[in-house]
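Trainee: I should like to learn how the words used for a structure are justified. May we take them one at a time?

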There are 2 protein chains.
Amino acid sequence: MFVIVTYDIVEPRVINKVRKILKKYLIWTQNSVFEGKITQGKLHQCLSEIGKVVDKSEDSIYVYRVGNHRNVTKDVIGQEKSFDELFL
Amino acid sequence: MFVIVTYDIVEPRVINKVRKILKKYLIWTQNSVFEGKITQGKLHQCLSEIGKVVDKSEDSIYVYRVGNHRNVTKDVIGQEKSFDELFL
């Protein structure tokens, strides 16, 4: 499946932890957006890791799942970025 | 169709302009994420307005389009937010 993960996290320390987890599974494409193809099992593992580090009373993680990646079209206005080369 | 719009914008002044445009068409659900059902025509109009205010050399707007909203599932970890009540 194809997933888009977006996050709104209060503590910078936690943001870094969440990014490190997401980077293991998906592609970092915008400041607070990761995307990519992933299996149900890997996604479950990824979200379980994230669930352990975020503060559920104030942080917010959205996971948009699309069964078939052919059903998603991505248009870009401006820069198409990839942060995966950056040191984290 | 269903769309998810995410943005990474450098100038706070431009962020506010983009949010004002997106609020006319979609639902503001996370700091830099809007989502919702929209027609092709309205989406075109929305992106055209955005194209006029962003700096394409440094800003980045992603538009993920899914033809049928039934093909998208959204899972939330932590808080599910809506900023639409907030003053902008």
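Mentor: Let us start with how the copies meet. In this predicted model, 100% of the interface residues of chain A are also interface residues in chain B, so the copies meet through the same surface. Residues are numbered from 1 along each chain as its sequence is written, and chains are lettered from A in the order in which they are written. Local features need pLDDT of at least 70 and side-chain atom pairs count only at pLDDT 80 or more, while totals for chains, interfaces and linings use all residues; side-chain values use heavy atoms, without hydrogens and water.

Trainee: What makes a residue part of the contact, and how many residues does each chain give?

Mentor: Contact means heavy atoms within 4.5 Å. By that rule, chain A gives 39 residues and chain B gives 39 residues.

Trainee: How do you know what area is buried between chain A and chain B?

Mentor: Buried area is the accessible area, taken with a 1.4 Å probe, that two parts lose on being put together, summed over both. For chain A and chain B the value is about 3300 Å², and carbon and sulfur atoms give 50% of that. Y62(A), Y64(A) and I77(A) supply 23% of the area that chain A buries against chain B, more than any other three residues.

Trainee: Why is the pairing of D75(B) and R65(A) called a salt bridge?

Mentor: The term requires a side-chain nitrogen of Lys or Arg within 4 Å of a carboxyl oxygen of Asp or Glu. The side chains of R65(A) and D75(B) meet at 2.7 Å, N to O, so the pair qualifies by the definition. Two salt bridges are counted between chain A and chain B, and the search of the whole structure finds eight over all chains.

Trainee: Which pair of K24(A) is a salt bridge, and what parts does that pair link?

Mentor: K24(A) meets E49(A) at 2.7 Å, N to O. This pair links distant parts of the chain, 25 residues apart: K24(A) lies in helix α1 (residues 12–25) and E49(A) in helix α2 of chain A. Helices are DSSP runs of H or I with at least four residues, and strands are runs of E with at least two, numbered from the N terminus.

Trainee: How do you know that β5(A) pairs with β4 of chain B?

Mentor: Two strands pair if DSSP finds at least two bridges between them. Seven bridges join β5(A) to β4 (residues 60–66) of chain B, so the two strands pair, and they run antiparallel. Within β4(B), I61(B) is the bridge partner of I77(A).

Trainee: What makes the copies related as by a two-fold rotation axis?

Mentor: The copies are superposed by least squares on the C-alpha atoms of residues with pLDDT of at least 70 in both. A turn of 180 degrees and a shift of 0.0 Å along the axis lay chain A on chain B with an RMSD of 0.0 Å. The two copies are therefore related as by a two-fold rotation axis.
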